[in-house]
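Me: I am new to this structure. Please show it to me, and then explain what the labels rest on.

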Amino acid sequence: MKQWAEGFLRVLFVLCVLGTLIFFSVFAYYANSELAMGPLPIQFSLKAGSGLRSAAVQMERAGVLRRSDLFVVIGRLLGEAGNIKPGTYEIDSPITPYELLLRITEGDVTQQAIIFVEGWSFKQMRKALDDDAGVRHDSRELSDGEILKRLGAKADSPEGLFFPDTYHVDSGSSDLLVLRRAYRLMQSHLDAQWKSRAANLPFAAPYEALILASIVEKETAQPADRPLVAAVFINRLKKGMPLQADPTVIYGMGEAYDGNIRKRDLKTDTPYNTYTRTGLPPTPIAMPGLASLAATLNPPASEVLYFVSRGDGSSHFSRTLGEHERAVTKYQRSGRR
């Protein structure tokens, strides 16, 4: 009986060892075999606070895993159950379960590039964010005022408050995060330019400089002309002359603008019509870039008061009305500045 018991225990021990070896061999094979997925690339998101099982289920639903339970076993065996990093991930080449586990525990998330273009209006910014599938759309149902409140911006209008640049964020990040970064960067650039501004500028506050910089941005086809365009408007403000900037009229027309600006539009008064009103419009009309901010706050010393397009994207600048009228005739443009 004793010998039988000892033999049974030996057999049981061998079976346990074999079972353990088979168990680990099966999961080692699974862990290092390429996952069967659909067409690549595949993008998936893991929610904040996701544990290993929850993450595996999310990946199974996204088509990354076929057996979430096997993936959970691997994660637990390797002690990674509590190390899941939220975010959006992209798989663009074949991958094994082990490699996938490393990726989601190391936080190798996909980054999204969000581009805000110089001269865009806030409406264009919002559309770009709403159309971007790589960010979370927390601002989509918010009014402009509610967005400003979320950002802590003490302004009545969001126009011009955001800096045009390329912003890299983790895919799945809130679009409010992108807006907050763009807002803070504009405030930083505006503050720096204001502190180093030239003397005797016709601005009572940085916001006024931002308004004019937005006009300079929209009026400038050639970067080389930007400083003199700023000088024209600065000189006009100092003399109490109307700015007569077509882009402000267009902005004031709103949805009525059909791509053409007519004489009657120049005579139709709105808060943004700088033909019918002197001084600055109430808000910026677009996002100015750094070059426009710099030109506005440090314009070149010049007596120019007028400019007209040469037809090739560049402008001719004049100091007197007579000189300007001759330039208009020469370049066959109905110049109004």
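Reply: Buried means under 20% relative accessible area, exposed means over 50%, and partly exposed is in between (1.4 Å probe, protein chains only). The model is predicted, so local features need pLDDT of at least 70 and side-chain atom pairs 80 or more, while totals for chains, interfaces and linings use all residues. Residues are numbered from 1 along each chain as its sequence is written, and side-chain values use heavy atoms, with hydrogens and water left out.

Me: Why is Phe307 called buried?

Reply: Phe307 has 3% relative accessibility, and the limit is under 20%, so Phe307 counts as buried.

Me: What makes Phe233 and Phe307 an edge-to-face pair?

Reply: Rings of Phe, Tyr and Trp (its six-membered ring) pair if their centres lie within 6.5 Å; planes under 30 degrees apart are stacked, over 60 edge-to-face, the rest tilted. Phe233 and Phe307 are 5.9 Å apart centre to centre, with 80° between the planes, so the pair is edge-to-face.

Me: Why is the pair of Phe122 and Phe162 called stacked?

Reply: The centres of Phe122 and Phe162 are 5.3 Å apart and the planes 20°, so the pair meets the rule for stacked. Both Phe122 and Phe162 are buried.

Me: How do you know that Arg197 lies over the face of Trp194?

Reply: A charge sits over a ring if NZ of Lys or CZ of Arg is within 6 Å of the ring centre and within 35 degrees of the ring normal. Arg197 is at 3.8 Å from the ring centre of Trp194, and Arg197 lies over the face of that ring.
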